[in-house]
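Work through these exercises with the sequence and the structure open. Each task is followed by a solution in steps.

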Amino acid sequence: MNQFIQFKTNIKCGGCIATVTPFLNEAIGEDKWKVDVQNPDKVLTVETGDAALVKQAVEKAGYKAEQLA
């Protein structure tokens, strides 16, 4: 069952989003995630049941993701 999971990231601009897009689209799916770059924690919100898969995809793109409680 999918749920919304949030991560603190270092994805901070449109260029960063462009870099992670293919990784997250492949791992999670298009339209299943978004990054709030206006938030100081650059929060990535993902609709998934697998937090480890998200973290792995973000790290594969060269960024960090720390799951928020």
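**Exercise 1: The sheet**

Trace how β1 and β4 pair, then give the strand order of the sheet.

Solution. The model is a predicted one. Start with one pair: β1 and β4 run antiparallel and are joined over three bridges. For a landmark, find K8, which stands opposite E66 in β4. Now extend to the whole sheet. Four strands make an open sheet, ordered β2-β3-β1-β4, with antiparallel pairing. The edges are β2 and β4 (65–67), each of which pairs on one side only. From one strand to the next, the twist averages 30°.

**Exercise 2: The helices on the sheet**

Which strands does each helix lie across, and at what angle does it run?

Solution. Take α1 to begin with. It lies across β2 and β3 and runs at about 155° to β2. Then take α2. This helix lies across β1, β3 and β4, at about 135° to β3.

**Exercise 3: The geometry of α1**

Check the span of α1 against its number of residues. Then locate its bend.

Solution. Step one: α1 has 14 residues, and at 1.5 Å a residue it should span 20 Å. Step two: its end C-alpha atoms are 20 Å apart, so expectation and model agree. Step three: look along the axis. α1 bends by about 40° at V20, and the proline P22 follows within four residues. Step four: go past the end of the helix. There G29 follows, with a positive phi near 120°.

**Exercise 4: The buried face of α1**

Which residues of α1 are buried, and what do the buried residues pack against?

Solution. C16, V20 and L24 are buried. Consider the spacing rule: an α-helix has 3.6 residues a turn, so residues three or four places apart point the same way. The buried residues of α1 pack against β2, β3 and α2.

**Exercise 5: The core**

How many residues does the largest nonpolar core have, and which elements each supply at least two of them?

Solution. Count the members: the largest nonpolar core has 18 residues. Next, pick out those with the most contacts inside it: F7, L24, L44, V54 and V58. Now assign elements. β1 (3–9), α1 (14–27), β2 (33–36), β3 (43–48) and α2 (51–60) each supply at least two core residues. The largest share, four residues, comes from α2. Finally, inspect V58. Leaving aside neighbours within four places in sequence, V58 is in contact with I11, L24, L44, Y63, K64 and A65. The general background: in soluble globular proteins, nonpolar side chains tend to be buried together.

Definitions and conventions. Residues are numbered from 1 along each chain as its sequence is written. This is a predicted model: local features need pLDDT of at least 70, side-chain atom pairs count only at pLDDT 80 or more; totals for chains, interfaces and linings use all residues. Side-chain values use heavy atoms; hydrogens and water are left out. A nonpolar core is a set of buried Ala, Val, Leu, Ile, Met, Phe, Trp, Tyr and Cys residues joined through side-chain atoms within 4.5 Å. Buried means under 20% relative accessible area, exposed over 50%, partly exposed in between (1.4 Å probe, protein chains only). Contact means heavy atoms within 4.5 Å. The expected span of a helix is 1.5 Å times one less than its number of residues. The bend at a residue is the angle between axes fitted to the seven residues ending there and the seven starting there. Two strands pair if DSSP finds at least two bridges between them. Axes are lines fitted to C-alpha atoms, for helices over the stretch in contact, and angles run from 0 to 180 degrees between N-to-C directions.
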